[in-house]
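I opened this structure to see how its parts fit together. These are my notes, in the order I looked things up.

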Amino acid sequence: MPCPQLRALAWAALVAASASPAFAFTPGQGKLLLTGGVSSIDGAAGGGLTPWAVTGSHATGSEIGATAFFTRVKVQDYALGAYGAAVGFGDRAELSIARQDFDAGDNLAPLGLPGLHLKQNIVGAKLRVAGDAVLDSDTLMPQVAVGVLHKTTDAGALGPTLTGPLGAKDSGTDIYLSATKLFLAQGFLVNGTLRATKANQNGLLGFGGAASGSYKLQPEVSVAWLLRRDLALGAEYRAKPDNLNESVLGSGALKEDDWSDLFLAWAPNKHLSITLAWVDLGRIAPAVQPRRQRGAYLSAQIGF
Amino acid sequence: MKVHRMKTLARPLALAASLLVGAGAFAQTAPQRTGDDSLYQALGGQGGLTTLMDRFMERLLADARMRPFFKDADQQHVKEQLVLQLCEVSGGPCRRDGPDMKKAHDGMDVTRGDFNALVEVLQDTMDAHGIPFVAQNRLLAKLAPMHRQIINTP
């Protein structure tokens, strides 16, 4: 874990906690099972690929909770590892940190980049601004939260090309608005997220490009069906920008697609959840590897 | 079924009757209720709810988080109120005439964690009672909005 970001997180947590007298630093597990979501690959609590309006951990009221996660995604030609942690301040706020490592294998060997790894660090914050996703079961009003995810990318040997001729930046900030509603009587959860982003492949290929450098508003949708108190079956769809589609490498060489997944999340208790998913990451750098990247996603989260 | 609404003055009498008969709550019927009682039936009707609340109280007293709230209460009265309430919200032929939920919890500090802990104990009780998950969620959806009256402590 990179030290500056850990320090930033610790400071932010201290400031947030001390600025609000409602938080008495009591550790707690007061949320109902799974209602803090799981850890997304970006570190924010939510589904697997998209943040939700829920705050991470099982803390509620004036409790403070923490989670840590490790996620591994293996698709046909690539792999992604992610790990991180989040602190939840009751149902009010969340701070998160994550590190991703995308293993491109030897797919970019034709470009002289064998064994390339694309890495990024992500620091996130989320604030619930209205509603209660779980207990307000007599209204349609969802829980609403706003969040930011600040990402810093290290594209290794690809870096100079990425920030040079491709015109991308090596850091960027996603801003999102999420609305989560549990239809409790039906045991059915819906989340909608609108994300303003410049990220290419979630930031692993930088932010913006020579042809397109502005923020794009992207919708993301998750649904989950509670099979039991400790088991949820769901699906997600996440739209993404396509900033590098037109680049010096040729039209479509770095085209990117939307992401989707089908997931099963299991929480045997409030200290552990396991999420298994089938993901479709679409095409990734189709100039070198034209087929769609589909595969498995496995994530474990521990909570305190 | 004889139909009348319990008046405040009649409560001690009704309470005594309920202690004798065990299902005294059933005597308090609301004439205007003609809706869907499928949830009430799924919960086992009056007999099912009475047993459920007996077991619920046992579990509340055995739960370290909940025991402080119930150990000194008039547990029999609380159980009767709960049976009435669950009967009413599940579409059964009852009407709870007790104090409003805010007033009923004025004397204690209830946090969101406390509220959720009670939900968990209720879920455990319903699990042990064989009530299907779908019926459990339908009941919880009726009860959850009461958090606005019950939770009074951050």
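**Entry 1: a hairpin in chain A.** I started with strands E4 and E5 of chain A, which form a hairpin with three residues between them. I keep in mind that this is a predicted model. E4(A), residues 63-75, runs antiparallel to E5(A), residues 79-89, and eleven bridges join the two. I picked one pair to look at: A:Val73 has A:Leu80 in E5(A) as its bridge partner.

**Entry 2: other partners of E4(A).** Which strand does E4(A) also join, through nine bridges? I found E15(A), residues 294-303, running antiparallel to E4(A). Here A:Phe70 is bridged to A:Ala300 of E15(A). I also looked at the short strand E1(A), residues 26-27. E1(A) runs parallel to E4(A), and two bridges connect them. In that pairing A:Pro27 sits opposite A:Ile64 of E4(A).

**Entry 3: the loop before E4(A).** I moved to A:Ala59, which lies in the loop between strand E3 (45-46) and E4 of chain A. Is A:Ala59 buried or exposed? I count A:Ala59 as buried, because 31 C-beta neighbours lie inside 10 Å. The cut-off for buried is 20 or more. I then checked what A:Ala59 touches, leaving out residues up to four places away in sequence. The list includes A:Gly28, A:Gly30 and A:Lys31. A:Ile64 and A:Gly65 are on the list too, and so are A:Gly88, A:Phe89 and A:Gly90. I looked up one distance as well. A:Ala59 and A:Gly28 are 31 residues apart along the chain, yet their C-alpha atoms are separated by 5.1 Å.

**Entry 4: strand E12 of chain A.** Next I went to E12(A), residues 231-238. In a regular strand the side chains alternate between the two faces of the sheet. I looked for this along E12(A), and the side chains do alternate. A:Ala232, A:Gly234, A:Glu236 and A:Arg238 point to one face and are buried. A:Leu231, A:Leu233, A:Ala235 and A:Tyr237 point to the other face and are not buried.

I then looked up the neighbours of E12(A). Strand E11(A), residues 216-228, runs antiparallel to E12(A), with eight bridges between them. E11(A) and E12(A) make a hairpin, with two residues between the strands. A:Arg228 stands opposite A:Leu231 of E12(A). E12(A) also pairs with E13(A), residues 259-269, in the antiparallel sense over eight bridges. There A:Tyr237 has A:Ser260 in E13(A) as its bridge partner.

**Entry 5: chain B as a whole.** I turned to chain B. How many helices and strands does chain B have? I noted nine helices and zero strands. Chain B has 154 residues, and buried residues make up 32% of them. I also checked the contacts in chain B between residues at least 6 apart in sequence. Of these, 72% join residues at least 24 apart.

**Entry 6: H3(B) against H5(B).** I took helix H3(B), residues 45-62, and helix H5(B), residues 75-89. Their axes come within 9 Å and cross at roughly 135 degrees. The two helices are therefore oblique to each other. The crossing of H3(B) past H5(B) is right-handed. On the H3(B) side the contact includes B:Leu49, B:Met53 and B:Met57. On the H5(B) side it includes B:Val78, B:Leu82 and B:Leu86. By class, this contact has eight nonpolar, three polar and two charged residues.

**Entry 7: H3(B) against H7(B).** I stayed on H3(B) and looked at helix H7(B), residues 112-128. The axes of H3(B) and H7(B) come within 9 Å and cross at roughly 130 degrees. This pair is therefore oblique, and the crossing is right-handed. B:Leu52, B:Arg55, B:Phe56, B:Arg59 and B:Leu60 of H3(B) meet B:Val121, B:Leu122, B:Asp124, B:Thr125 and B:Ala128 of H7(B). I noted six nonpolar, one polar and three charged residues in this contact.

**Entry 8: where the chains meet.** Last, I looked up the contact between chain A and chain B. How many residues does each chain give to the contact? Chain A gives 19 residues and chain B gives 17 residues. The chain A side divides into six nonpolar, seven polar and six charged residues.

Notes
Residues numbered from 1 in each chain as written. Chains lettered and ligands numbered in written order. Predicted model: local features only at pLDDT ≥ 70, side-chain atom pairs only at ≥ 80, totals over all residues. Contact = placed C-beta atoms within 7 Å. Nonpolar A, V, L, I, M, F, W, Y, C, P; charged D, E, K, R; others polar. Buried ≥ 20, exposed ≤ 12 C-beta atoms within 10 Å, placed from the backbone. Helix = DSSP H or I, 4+ residues; strand = E, 2+ residues; numbered from the N terminus. Pairing = 2+ DSSP bridges. Axes fitted to C-alpha atoms, helices over the stretch in contact; angles between N-to-C directions. Parallel < 35°, antiparallel > 145°, perpendicular 65-115°, else oblique. Left-handed = near helix turned anticlockwise from the far one by under 90°.
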